[in-house]
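Trainee: I would like to take a close look at a single part of this model, with its packing and its neighbours set out in one connected account.

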Amino acid sequence: MFAPRLRRLRLAVTLTSRTLSSNPGRAPDMREGNPLLHVSNVRNRLREIVGASTNWSDHQQAMAERVSLSSMLAQSQEALPPKSMKDSHLEVHLPLGSEPQLREKYLTFHNTVRFGRILEDLDSLAVLISYSHTYNSTLKRSPLSIVTALVDKIDMRHHVIYPDCDIKFTGHVSWVGRTSIEAKMHMTQYRDGAYAPVLDATFVMVARDPENKRAAYVNPLKPEGPEEEKLFQEGEANKSRRVELSTASLLKVAPTAEERKIVHSLFLNTLDHKTVSFRSRVLPPNSVWMQDAKLKGLEICHPQQRNIFNRIFGGFLMRKAYELGWANACSFGGCRPSLVAVDDILFQKPVEIGSLLLLSSQVCYSEGKYIQVRVHSEVFDPLTRTHNTTNVFHFTFASDRDVPNIVPETYGESMLYLDGKRHFNQTVL
């Protein structure tokens with residue numbers, strides 16, 4: 001079996017730097033000029049698959065012409081041939097140790113790796129893996145519009161990512177529904193003469209028609225052997241878990257009895273005992289009101305950030321949300337935090353080019369050295385003055401010291417607190 005099992009590890013990711021000496025971090029396969037897929041060619045391959053152009057004006061025309069591909073869509077999943085996991089297996093290289101010019105794109109001022117760039121690469125790879133699964137040699141262009149629906153989880157297997165060592169991404173389809181695809185990806189880095197695991201990621205993709213208006217069928221997946229069957233069953237379990245979490249969402253049902261006790265305890269701890277009033281609140285020691293632990297940002301969505309379907313690239317949205325969330329955690333904790341996990345990133349609506357994208361980051365839970373951050377993104381229409389939620393992001397960070405306790409003041413903030421605690425428990429405990 002070509003893909004290792006996913007394991008959830010509770011390690012904080014420290015994106016550290018080393019002396020930028022390229023040779024020790026250059027993998028042999030990169031030195032020898034093997035014909036491996038370069039990370040910069042992933043999006044070019046995607047443009048070829050759907051018939052998109054790199055030029056903005058030509059790109060608009062190409063997308064308009066995709067409407068004619070609707071007749072090529074399968075009318076049922078049974079009409080499509082089954083595929084194996086090996087059919088979608090891909091290997092992509094990010095030669096940070098081999099190409100100093102490329103390395104600049106991934107470096108921060110402190111010579112650390114920009115994890116937001118890694119998120120962009122993972123998003124592009126997940127789309128290409130999905131297209132590899134649905135590949136039809138008889139068609140010049142794919143009639144499917146495959147987009148990211150959810151980043152289920154990103155588990156860190158190593159706490160250091162070096163900016164001067166080559167990186168390899170591998171991935172394949174691990175589960176398929178009728179119109180959805182689960183893609184598992186693994187990132188390794190070359191160091192000390194071998195590739196070592198860094199992270200495992202699970203993305204959920206959905207297939208749409210050429211106009212991205214309705215769902216479209218994808219090829220069924222046929223596991224081969226006990227290991228692939230186990231991966232497929234894990235995909236089924238992941239789907240069931242997502243349904244259960246959605247059903248138990250605090251936006252739909254009341255908190256559990258234990259959670260209600262937590263909220264009431266937080267309320268009692270903030271009462272001013274000098275007065276007999278429910279309105280008089282006092283901030284406990286070493287605490288921060290939730291309303292004082294937020295950051296906001298604005299992005300004007302230009303054509304440069306578009307994906308192959310003339311919408312804003314999901315990886316760009318993840319990078320911007322991560323960087324705002326990181327800055328929020330940094331401000332809250334008083335030091336540069338390290339990433340522990342990325343969890344449950346939901347893509348509710350596409351973001352159109354030209355949109356005003358509002359990003360709001362909120363520290364919603366803290367415990368010991370850990371900081372749970374929720375980033376909410378919405379599109380603002382200045383003509384109608386309306387706001388529409390597009391994405392919700394969840395990040396877990398760790399500080400090098402104990403951080404203040406976050407304290408909700410309203411019922412809405414208490415629900416954010418409980419939701420943050422749920423995500424934290426799933427990730428760390």
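How many of the 19 residues of α5 are buried, and is the helix enclosed by the rest of the structure or open?

Mentor: In this predicted model, 19 of the 19 residues of α5 are buried, so the helix is largely enclosed by the rest of the structure. Helix α5 covers residues 115–133, and its length can be checked against expectation: at 1.5 Å a residue its 19 residues should span 27 Å, and the C-alpha atoms at its ends are 27 Å apart, which agrees.

Two of the helices that pack against α5 can be taken in turn, beginning with α2, which comprises residues 42–50. The axes of α2 and α5 lie 10 Å apart and make an angle of about 40 degrees, which means that α2 is oblique to α5, since this angle falls neither under 35 degrees, where a pair would count as roughly parallel, nor within 65 to 115, where it would count as roughly perpendicular. The crossing in which α2 passes α5 is left-handed. On the α2 side the contact is formed by V42, R43, R45, L46, I49 and V50, and these meet S124, L125, V127, L128 and Y131 of α5. Sorted by class, this contact of α2 with α5 holds eight nonpolar residues, one polar residue and two charged ones.

The other partner is helix α8, residues 314–333, whose axis is 8 Å from that of α5, at an angle of about 155 degrees. Because angles over 145 degrees count as roughly antiparallel, α5 and α8 are described as roughly antiparallel to each other. Their crossing is right-handed. Here α5 contributes F115, G116, R117, L119, E120 and D123, while α8 contributes G314, G315, F316, M318, R319 and Y322. The make-up of the contact of α5 with α8 is five nonpolar, three polar and four charged residues.

Within this second contact, R319 deserves a look of its own. R319 lies in helix α8, and its relative accessibility is 9%, so it counts as buried, the cut-off being under 20%. Although R319 and G116 are separated by 203 residues in sequence, their C-alpha atoms are 4.1 Å apart in space. Leaving aside residues up to four places away in sequence, R319 touches R114, G116, R117 and E120. Of these neighbours, G116, R117 and E120 also appear among the α5 residues in the contact with α8.

Methods:
Residues numbered from 1 in each chain as written. Predicted model: local features only at pLDDT ≥ 70, side-chain atom pairs only at ≥ 80, totals over all residues. Heavy atoms only, no water. Axes fitted to C-alpha atoms, helices over the stretch in contact; angles between N-to-C directions. Helix = DSSP H or I, 4+ residues; strand = E, 2+ residues; numbered from the N terminus. Left-handed = near helix turned anticlockwise from the far one by under 90°. Contact = heavy atoms within 4.5 Å. Nonpolar A, V, L, I, M, F, W, Y, C, P; charged D, E, K, R; others polar. Expected span 1.5 Å × (residues − 1). Buried < 20%, exposed > 50% of the residue type's maximum accessible area, 1.4 Å probe, protein only.
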